[in-house]
Structure formats: structure tokens, C-alpha cells
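Work through the exercises below with the sequence and the model side by side. Each task is followed by a solution in steps.

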Amino acid sequence: MINFGALMKIKGIKEEFEKNHPGVTHFFHDEIMSGLPEGTIVEISVTKPGEEKVTTNMKVNEKDREIFKTLGDLAN
């Protein structure tokens with residue numbers, strides 16, 4: 001059963017994030033949700049105040065493509 005209250009909460013959180021971080025939102029929409037070919041490398045870095053940058057990456061496979069598509073469908 002779908003919890004519509006939870007869906008509305010997620011929608012509100014998504015809208016607030018988009019308002020606060022439009023560049024990130026556009027990047028995810030244009031680069032990630034538009035479809036990534038198998039073999040694409042996605043790299044993520046995090047730099048916490050006073051700490052060294054930490055970076056990881058992943059090579060996109062077919063299952064990842066399915067997950068990204070599902071997430072993209074949910075986001076719309």
C-alpha cells in the first residue's frame with residue numbers, strides 16, 4: 001500500500017532541495033537521469049570542513065541503468 005503522506009513529504013523535501021541547490025539538481029537531471037551508457041564512470045567527492053577530500057567512483061553496469069531509470073521515473 002502506498003503511503004501518500006510519506007510521498008507528499010518526499011515531494012516537499014525534493015522541492016526544497018531543488019530550490020536550495022539548483023545547480024546540483026540540473027546536473028543530476030542533465031547528466032544522470034538522462035541516461036548513462038554502460039561503462040560510464042561516476043565519481044563522487046566529499047570535502048568536510050577541516051578534512052581531506054574523499055573520492056569514490058563506480059562503473060555503470062546494466063543493473064545500475066535500471067536503478068537510475070526507476071529513480072528518474074519516481075522523481076518526475
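**Exercise 1. Charges over the whole chain**

Task: State how many positive and how many negative side chains the chain has, and how far apart the centres of the two sets lie.

Solution. The structure is a predicted model. Step one is the count: the chain carries 10 positive and 13 negative side chains. Step two is the placing: the centres of the two sets are 4 Å apart.

**Exercise 2. Fold and overall form**

Task: List the elements in order from the N terminus, then decide whether the chain is more spread out than a compact globule.

Solution. Start with the tally, which is three helices and two strands. Read from the N terminus, their order is α-α-β-β-α. Next comes the radius of gyration, which is 15 Å for the chain, whereas the globule rule gives 11 Å for 76 residues. The value is well over the rule, so the chain is more spread out than a compact globule. Along the principal axes, the C-alpha atoms fill a box of roughly 40 × 35 × 25 Å.

**Exercise 3. Burial, surface and contacts**

Task: Find what share of the residues is buried, and what share of the accessible surface belongs to carbon and sulfur atoms.

Solution. Of the 76 residues, 9% count as buried, the cut-off being under 20% relative accessible area. The accessible surface of the chain is about 6,700 Å², and carbon and sulfur atoms hold 60% of this surface. A further figure concerns contacts with a separation of 6 or more: 24% of them are between residues 24 or more positions apart.

**Exercise 4. Salt bridges in helix α1**

Task: Describe the salt bridge of K11 with E15 and the one between E18 and K14.

Solution. The chain has four salt bridges; two of them are treated here. In the pair K11 and E15, the closest N and O atoms are 2.6 Å apart, which meets the cut-off of 4 Å. Both residues lie in helix α1 (residues 4-20), four residues apart, or about one turn of the helix. K11 is partly exposed at 43% relative accessibility, and E15 is partly exposed at 41%.

In the pair E18 and K14, the distance from N to O is 2.9 Å. These two residues are also in helix α1, and because they are four residues apart, about one helical turn separates them. E18, at 29% relative accessibility, counts as partly exposed, and K14, at 33%, counts as partly exposed too.

**Exercise 5. K63, E66 and D64 in helix α3**

Task: Which side chain forms a salt bridge with K63, and is D64 buried or exposed?

Solution. Begin with K63. The partner of K63 is E66, with the closest N and O atoms 3.5 Å apart. Both are in helix α3, three residues apart, about one turn of the helix. K63 is exposed, with a relative accessible area of 51%, while E66 is partly exposed at 42%.

Now take D64, which lies in helix α3 (residues 62-75). D64 is buried and has no salt bridge. Its nearest side chain of opposite charge is K63, 8.8 Å away. With neighbours within four places in sequence left aside, D64 is in contact with M58 and K59.

**Exercise 6. From D64 to strand β2**

Task: Name the residues that M58 touches, not counting those up to four places away in sequence.

Solution. First locate M58, which is in strand β2. M58 is partly exposed, with a relative accessible area of 31%. The residues in touch with M58 are T40, I41, V42, D64 and F68. For one of these, I41, the C-alpha distance to M58 is 5.6 Å, although the two are 17 residues apart along the chain.

**Exercise 7. Two exposed residues**

Task: Where does P49 lie, and how far in space is K9 from H29?

Solution. P49 is in the loop between β1 (41-46) and β2 (54-59). P49 is exposed, with a relative accessible area of 80%. From P49 to V60 there are eleven residues in sequence and 30 Å in space, C-alpha to C-alpha.

K9 lies in helix α1 and counts as exposed at 59% relative accessibility. K9 and H29 are 20 residues apart in sequence, and their C-alpha atoms are 21 Å apart in space.

How values were computed
Residues numbered from 1 in each chain as written. Predicted model: local features only at pLDDT ≥ 70, side-chain atom pairs only at ≥ 80, totals over all residues. Heavy atoms only, no water. Rg over C-alpha atoms; globule rule 2.2 N^0.38 Å. Buried < 20%, exposed > 50% of the residue type's maximum accessible area, 1.4 Å probe, protein only. Contact = heavy atoms within 4.5 Å. Areas by Shrake-Rupley, 256 points an atom, 1.4 Å probe, with all protein chains shown as cover. Lys, Arg positive; Asp, Glu negative; His and termini not counted. Charge placed at Lys NZ, Arg CZ, Asp CG, Glu CD.
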